[in-house]
Amino acid sequence: MKVVLQNLTKKFSGRGKKNAGEVTAVNDFTVEIPDGELVGLLGPSGCGKSTALNLISGLLKPTAGRIFFGEDDITDLPPEKRGVGLVFQNYALYPHLTVKQNILFPLQNLKGKNRPSKTAMLEKAAEAAKLVQIDGLMDRKPGELSGGQQQRVAIARALVKMPGVLLLDEPLSNLDARLRLQTREEIRRIQRETGITTIFVTHDQEEAMSISDRIVVMKEGVVQQIGRPQAVYDDPANLFVARFLGTPPINVFAGQCRGGRLYLGQDAVLRVPGIADQEVYVGVRPEGFVLCETGALSCEFGSVEVMGRDISVVSRHSASLNPTVRAIISAENRVDPAGGTVRFSLKPQKVFLFGKDTEERICGEITES
Ligand code: ATP
């Protein structure tokens, strides 16, 4: 099912005089999600992700804008008529019911001709349980399951009606690191097998990047960028997006474009032939550094952190806005800081310029000096 959000806005009224404290949780959100895609809604706490999801599910009514499932405008339909499956962070299972009864619950709630026969219900529940691999646990109560198993039950319960759209709100937050990894791969597998258009909310950029077909990055209710994870990482629209994506995070410097060259402090690191003279923010991805004795960027060496395949060279530079500069390079390199200085050249495709005032990306040719 294709999902289209058209200029979707949600304001929460304030409690003070003249609506003081009014919050625009989602502001003019427009996106078209193709049928069968998995989309990650991503952003820091309070950016409006859950509000956007609740607008799609129908739990909240928009202040303005429309929502379409396929060609149908469903903005005014109540949640139960939208054909969505919902999964929350806290699983929200019924503790007194068995796994089987929990999964059956949405089917038993169906009325009239939509209600399947008892045999059909049991078949559907068994099918959903098999899909999320909990078919051996059907007679247990939620209290007798691990967190990961409980989340699978919640997903099975959301899938049992074969919804047109599956909505997941921070589904992995309550799981430990290893289970998170495993469960996110499971979600991807289940989504691929069912082909259900899925929107999931997370504040964890790595999680969103790893399993989404497309990510939507939000800040203060406003969509910052929509695209394939790699494309957004490689081509961030603004400083916020560049900073939000990537582990370790992007290195940000105060820089200057002067006479076609890019300066970080005194170091002329790259050529920027078409870019007007101005002060800029310069983002350099950690993998954008090349250890080089004659490199233009001269940093005060700090330490080397071993990561296995790679090493992280930690250093300082006067123009850096991060406390340290972090360069990820292959472990085959030997770091030999002569006189406490380590020198790098920069890979132009890993360097981004942003306006000092707008923090928007400045596009233009960047080449080696
Ligand atoms: P988190 O990751 O912390 O769950 P989020 O990105 O999902 O955050 P939302 O829960 O959508 O963010 O909230 C967006 C903004 O709207 C926040 O400023 C929040 O305080 C505000 N907000 C959410 N629900 C309400 C409400 N019912 N009444 C008033 N303000 C609200």
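**View 1. Ser 50 and its neighbours reach the ligand through polar atoms.** In this predicted model, a polar side-chain atom of Ser 50 sits 2.8 Å from an oxygen atom of the ligand. Look next at Thr 51, where a polar side-chain atom lies 2.5 Å from an oxygen atom of the ligand. Cys 47 takes part with its backbone: one of its polar backbone atoms is 3.0 Å from a ligand oxygen atom. On its own, the ligand has 640 Å² of accessible area, and the protein covers 57% of that.

**View 2. A shell of residues surrounds the ligand.** Now let us look at the whole neighbourhood. Follow the chain from Pro 44 through Ser 45, Gly 46, Cys 47, Gly 48, Lys 49 and Ser 50 to Thr 51, and you have met many of the residues around the ligand; Phe 12, Val 23, Ala 25 and Glu 170 complete the set. What classes of residue make up the shell? There are 5 nonpolar, 5 polar and 2 charged residues. Strand 2 (23-33) and helix 1 (49-57) each provide at least two residues of this shell. Helix 1 is the element that gives the most, with 3 residues.

**View 3. Gly 46 sits in a loop beside the ligand.** You have already met Gly 46 as a member of the ligand's surroundings. Its place in the chain is the loop between strand 3 (38-42) and helix 1. Is Gly 46 buried or exposed? Its relative accessibility is 72%, and the cut-off for exposed is over 50%, so Gly 46 counts as exposed. For a sense of scale, try finding Val 165: Gly 46 and Val 165 are 119 residues apart in sequence, and their C-alpha atoms are 24 Å apart in space.

**View 4. Strands 12 and 13 form a hairpin.** Here we move to another part of the model. Strand 12 (residues 261-264) pairs with strand 13 (residues 267-271) in the antiparallel sense, over 4 bridges. To find one of the partners, start at Leu 262 and look across to Leu 270 in strand 13. Between the two strands of the hairpin there are 2 residues, and Gly 265 takes a positive phi near 60°.

**View 5. Strand 13 also pairs with strand 22.** Stay with strand 13 and look for strand 22 (residues 367-368): the two run antiparallel and are joined by 2 bridges. Which residue of strand 22 does Leu 270 stand opposite? The residue to look for is Glu 368. Leu 270 is also the bridge partner of Leu 262, which makes Leu 270 a handy landmark for finding your way between these views.

Terms used: Residues are numbered from 1 along each chain as its sequence is written. This is a predicted model: local features need pLDDT of at least 70, side-chain atom pairs count only at pLDDT 80 or more; totals for chains, interfaces and linings use all residues. Side-chain values use heavy atoms; hydrogens and water are left out. Two strands pair if DSSP finds at least two bridges between them. A residue is near a molecule or strand if one of its heavy atoms lies within 4 Å of it. A polar contact is a pair of N or O atoms within 3.5 Å; within protein, one must be able to donate a hydrogen and the other to accept it, and residues adjacent in sequence count only if both atoms are side-chain atoms. Accessible areas come from the Shrake-Rupley method with a 1.4 Å probe; for residues, only the protein chains shown count as cover. Ala, Val, Leu, Ile, Met, Phe, Trp, Tyr, Cys and Pro count as nonpolar, Asp, Glu, Lys and Arg as charged, and the others, Gly among them, as polar. Buried means under 20% relative accessible area, exposed over 50%, partly exposed in between (1.4 Å probe, protein chains only).
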